[in-house]
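Hi there,

Here is the structure I promised to pass on. Please have a look at it first; my notes follow below.

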Amino acid sequence: LGSTRGCSAQRRQHRRPGHALMGTMDLKTDANAVTINLLLIVRPEEAANKEKGQREGQTEGGRGAGNIAPAPGEGGQGCSCTRRRKQQLWRSLSLFLAGTQVTVEIHHEDTSPPLIKRLSLGKGRSSVPLFHHTARKNTPSLPKTVTTHFFPAYPWDKSSLKSMPVDLQQLEKLDAYALKVNVKNSVEELVKALLKQARTDLEKVRAIWMWICHHIEYDVVGYHNKSQLSSKPRDVLQMGKSICEGYAELFEHMCSLAGIQCKKLSGHAKGHGYKTGQTFTGDSDHAWNAVYLEGRWHLLDSTWGSGSVDDSFTTFTHRYNEFYFLTHPALFINNHFPDNSNWQLLKPTLTLKEFENNMLHNSNFYMLGLLAVHPDTPIIQTVNGKASVSVDCRPGTLFMFKLKGTDEHGLMTLKKHGMELDIYPQKTGRHKLEIFAKPSKAEASDDVYKCVAEYVVECESVDTAMRFPKDLHQPVGPSWFSKRHGFLRPSHHEPVLHTNDGRCSLTFTLGKDISVLTSLHTDGGSLAEDMGRRHVLQIHRGNQVELKVHLPHAGNFVLKIYSKKKSDPGNYDYIFNYLIRCLNTEVKWPAFPQSYSKWLQDYEILEPLSGLLPANRNVQFKLKMHGIAKVLVQAENTYPLTQNKDCWEGTCNTSGCREVFVMVHENANHSFYSHVLKYEVETQ
């Protein structure tokens with residue numbers, strides 16, 4: 001049974017038409033039994049009776065249940081070596097089948113039974129996955145070399161992170177059972193206990209995987225002192241900890257006991273201590289496994305599935321990671337490079353150089369629904385002081401970044417299906433750029449940003465003009481996130497507003513029951529918090545809001561926008577911000593007038609918009625207010641305003657005063673007035 005022969009064209013030539021049926025043989029066994037895939041050549045009973053008298057002396061290959069046809073190129077029919085091989089084969093088979101119930105399905109040769117999915121029927125020597133078995137007394141040992149068909153070259157279609165369909169919800173009961181199994185006296189007893197609830201091969205592998213990931217911890221002490229470390233499955237089980245070699249050997253042994261073909265693989269990994277862009281030399285530094293399920297090999301890493309170590313490599317934390325169970329090979333190759341390139345399960349395979357140069361996407365990248373990054377090389381160079389990065393993902397993902405630990409030197413914008421980031425390092429040299437992501441609050445199980453990508457940015461020149469205010473919050477500009485919070489149809493979709501005269505205006509359609517708060521910020525301490533609010537004027541018209549901005553001077557400013565439900569008595573929540581840039585040094589706009597609580601959201605100042613009035617002048621007032629009985633402007637003297645349709649109009653003289661107030665009489669039956677606006681008067 002070292003390899004299956006006779007599945008070629010030559011064997012078919014030795015079959016009579018209509019005499020061949022294909023069958024699948026599955027052994028219904030316990031954990032200590034054997035799993036065998038066979039190709040049976042079965043003669044119909046009628047044909048067997050017809051040939052019964054002609055059998056003696058015939059050496060025609062392919063007839064009779066005991067005949068195995070020679071492989072192509074093996075010489076004449078009926079040679080003594082062929083007969084000896086047949087006899088050895090069936091003696092071995094008899095040993096394996098002793099005491100085992102066998103179920104055989106017989107299919108007509110024109111049908112396509114599941115066997116076809118598992119066996120390669122190409123020309124020449126067949127490549128058939130060999131079985132693993134539990135070693136028993138008097139049981140022939142398996143060949144040391146395994147000829148395997150890897151079924152490579154299936155690209156990732158972005159629909160699943162797995163290499164085969166896995167319904168995690170259906171496995172929840174099995175997972176819970178496997179976690180509770182507490183057998184430490186022997187690996188055999190552990191496997192026997194785990195398989196009580198596992199029926200299919202997938203369930204067997206799953207139960208073993210879950211148990212190891214949750215019961216074996218990484219041996220950080222043993223990693224630093226490997227001479228005192230044993231990777232034998234029995235020792236790993238009893239100690240309850242090991243390094244990757246022990247994880248992989250225990251997994252392989254447990255699968256073998258369960259009748260699942262499994263192989264320990266070794267190679268290089270972009271794991272703990274990996275530096276972006278580093279090269280790999282010398283011996284392999286990691287171990288993982290491949291399992292054979294449903295006619296194809298699949299990859300998994302129980303070491304990385306169990307948890308992680310800290311930066312100092314002194315503490316291990318159990319943190320289960322589903323990503324590394326049956327990971328799609330197109331994703332697994334991102335941080336696992338096997339010594340034998342066949343075990344990439346890819347076609348074409350990657351070279352070590354390509355592996356080194358490829359962008360590292362860790363499990364967080366895929367588990368958060370990210371699809372791709374651009375550029376896809378880990379080292380990028382600035383052009384005229386700027387480097388650009390973008391991420392493609394499914395909707396509903398928030399991002400942040402750190403350039404050498406700070407987010408001050410970049411401009412990040414959220415897109416419906418990802419984000420875009422422009423980086424402007426303010427020093428030459430190499431800079432570490434980290435990209436973080438998390439689901440939005442509406443979809444998040446936790447509220448923690450996780451690192452999903454790392455770059456090294458090489459900067460040869462600095463663009464000093466692109467220095468951003470420290471108050472600039474990432475991301476910048478409107479997005480699906482601001483839309484979700486009620487800011488619809490923005491007049492300006494770009495994150496940066498440029499103004500030459502120091503003034504700009506933005507409009508939004510607001511969702512229901514939205515109250516807005518705004519503030520303007522810049523570096524240098526030239527704009528106090530209260531004055532920052534007064535340089536932005538809100539004008540509400542129905543469900544539309546206009547934000548008028550007057551800059552106090554040239555420079556870079558941040559317009560921050562907050563909101564809350566009108567019915568909510570709580571604080572305002574930050575939503576998003578814009579960057580406003582003005583290079584005109586002649587700009588010097590005063591703040592808007594100060595408003596008080598009695599100034600309602602749907603009131604509007606038509607004139608004067610400036611909060612600083614000229615001295616000794618007559619100033620025209622025009623205010624749009626409703627539901628008011630009287631309006632007065634109080635300066636050195638008091639000036640009543642006259643109602644004209646929905647506006648209150650009039651003139652005020654600023655002589656002899658430093659401040660001017662607008663007061664309203666809300667009810668004609670009341671005798672008191674309420675302050676709604678305050679203006680300042682220029683000094684003489």
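Please keep in mind that this is a predicted model. I began with strand 20, which pairs with strand 26 (residues 573-582) in the parallel sense, over 3 bridges. If you want a place to look, V496 has L579 of strand 26 as its bridge partner.

These two strands belong to an open sheet of 4 strands, in the order 20-26-25-22 and with mixed pairing. Strand 20 (496-498) and strand 22 (514-521) form the edges, each pairing on one side only. On average, neighbouring strands in the sheet are turned by 25° against each other, ignoring direction.

The other part I looked at is helix 7, residues 201-215. Its 15 residues should span 21 Å at 1.5 Å a residue, and the end C-alpha atoms are indeed 21 Å apart, so the two values agree. Of those 15 residues, 12 are buried, which means that helix 7 is largely enclosed by the rest of the structure. The buried set includes charged-letter entries such as E203, K204 and R206 alongside W209 and W211.

Helix 7 also packs against helix 10 (residues 244-257), with an angle of about 150° and 10 Å between the axes. Because an angle over 145 degrees counts as roughly antiparallel, that is how helix 7 runs relative to helix 10. The contact involves V205, I208, W209 and I212 from helix 7, and Y247, L250, F251, M254 and C255 from helix 10. The crossing of the two helices is right-handed.

Happy browsing, and best wishes

Methods
Residues numbered from 1 in each chain as written. Predicted model: local features only at pLDDT ≥ 70, side-chain atom pairs only at ≥ 80, totals over all residues. Heavy atoms only, no water. Expected span 1.5 Å × (residues − 1). Buried < 20%, exposed > 50% of the residue type's maximum accessible area, 1.4 Å probe, protein only. Pairing = 2+ DSSP bridges. Axes fitted to C-alpha atoms, helices over the stretch in contact; angles between N-to-C directions. Parallel < 35°, antiparallel > 145°, perpendicular 65-115°, else oblique. Left-handed = near helix turned anticlockwise from the far one by under 90°. Contact = heavy atoms within 4.5 Å.
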